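Grab a viewer and a pencil. The exercises below are worked through one step at a time.

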Amino acid sequence: MIIHVNDTETVPEVEGTLFGMVQQSVNSLVTLKNTGSNTMNYRFQEYNGATWVDIGVSGSDTYNTIASLAVVTLELTSALQQVRLVGNASGGAFLEFSITWHVTRPSGGNIPTAIAC
């Protein structure tokens, strides 16, 4: 089964959580588009049961900046269940994002509804 989400989020000047999701130990295709007029800082984090830890290092696809009107597409991989995107932009910005998951659903099984956290 394929789950696809499209949404938008206002990016504040002070770093904050832009969205969270249950990763379910599968890879996700993530597209981020900065539709604001200021450069946006972002980093993906995973929850290890005690604290949020950055996925990747500064300058990587998972921890970087997006210029105004730029688009970043990446495959997000985490063995942990909870993942979030945090970010900020001096003067604020606006983020359009989409996420696609491939999820295994057994025959006759429920459609997952807990995809955000």
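Here come three exercises, each with its solution.

This is a predicted model, where local features need pLDDT of at least 70, side-chain atom pairs count only at pLDDT 80 or more, and totals for chains, interfaces and linings use all residues. Residues are numbered from 1 along each chain as its sequence is written, and side-chain values use heavy atoms, with hydrogens and water left out.

**Exercise 1. The aromatic cluster**

Task: work out which residues form the aromatic cluster, and follow the pairs made by Phe19.

Step 1. Start with the ring rule: rings of Phe, Tyr and Trp (its six-membered ring) pair if their centres lie within 6.5 Å; planes under 30 degrees apart are stacked, over 60 edge-to-face, and the rest tilted. The count comes to four aromatic pairs.

Step 2. Take Phe19 with Phe44: the centres sit 6.3 Å apart and the planes make 70°, which is edge-to-face. Phe19 belongs to strand 2 (residues 16–22) and Phe44 to strand 4 (residues 40–47), so this pair links distant parts of the chain, 25 residues apart. Strands here (E, at least two residues) and helices (H or I, at least four) are DSSP runs, numbered from the N terminus.

Step 3. Now try Phe19 with Phe97: at 4.3 Å centre to centre and 20° between the planes, this pair is stacked. Phe97 lies in strand 9 (residues 93–102) and Phe19 in strand 2, so the pair ties together parts that are 78 residues apart in sequence.

Step 4. Check burial (buried means under 20% relative accessible area, exposed over 50%, partly exposed in between, with a 1.4 Å probe and protein chains only). Phe19 comes out at 8%, so it counts as buried. Phe97 is buried too, with a relative accessible area of 8%, and Phe44 is also buried.

Step 5. Put the cluster together: Phe19, Tyr42, Phe44 and Phe97.

**Exercise 2. Salt bridges around Arg43**

Task: find which residues are linked with Arg43 in a network of salt bridges.

Step 1. Apply the cut-off: a side-chain nitrogen of Lys or Arg within 4 Å of a carboxyl oxygen of Asp or Glu. The structure holds two such bridges.

Step 2. Arg43 bridges to Glu15, with the closest N and O atoms 2.6 Å apart. Arg43 is in strand 4 and Glu15 in the loop between strand 1 and strand 2, 28 residues apart.

Step 3. Asp54 bridges to Arg43 as well, the closest N and O atoms being 2.7 Å apart. Asp54 sits in strand 5 (residues 52–54), 11 residues from Arg43.

Step 4. Compare accessibility. Arg43 is buried at 18%, while Glu15 is partly exposed at 40% and Asp54 partly exposed at 27%.

Step 5. So the network is made of Glu15, Arg43 and Asp54, joined by salt bridges.

**Exercise 3. The open sheet**

Task: give the strand order of the open sheet and name its edge strands.

Step 1. Strands pair if DSSP finds at least two bridges between them. Strand 1 and strand 9 run antiparallel and are joined by 10 bridges.

Step 2. Pick out one bridge: Ile3 has Trp101 in strand 9 as its partner.

Step 3. Four strands make up the sheet, ordered 1-9-3-7 with antiparallel pairing. Strand 1 (2–11) and strand 7 (71–76) are the edges, each pairing on one side only.
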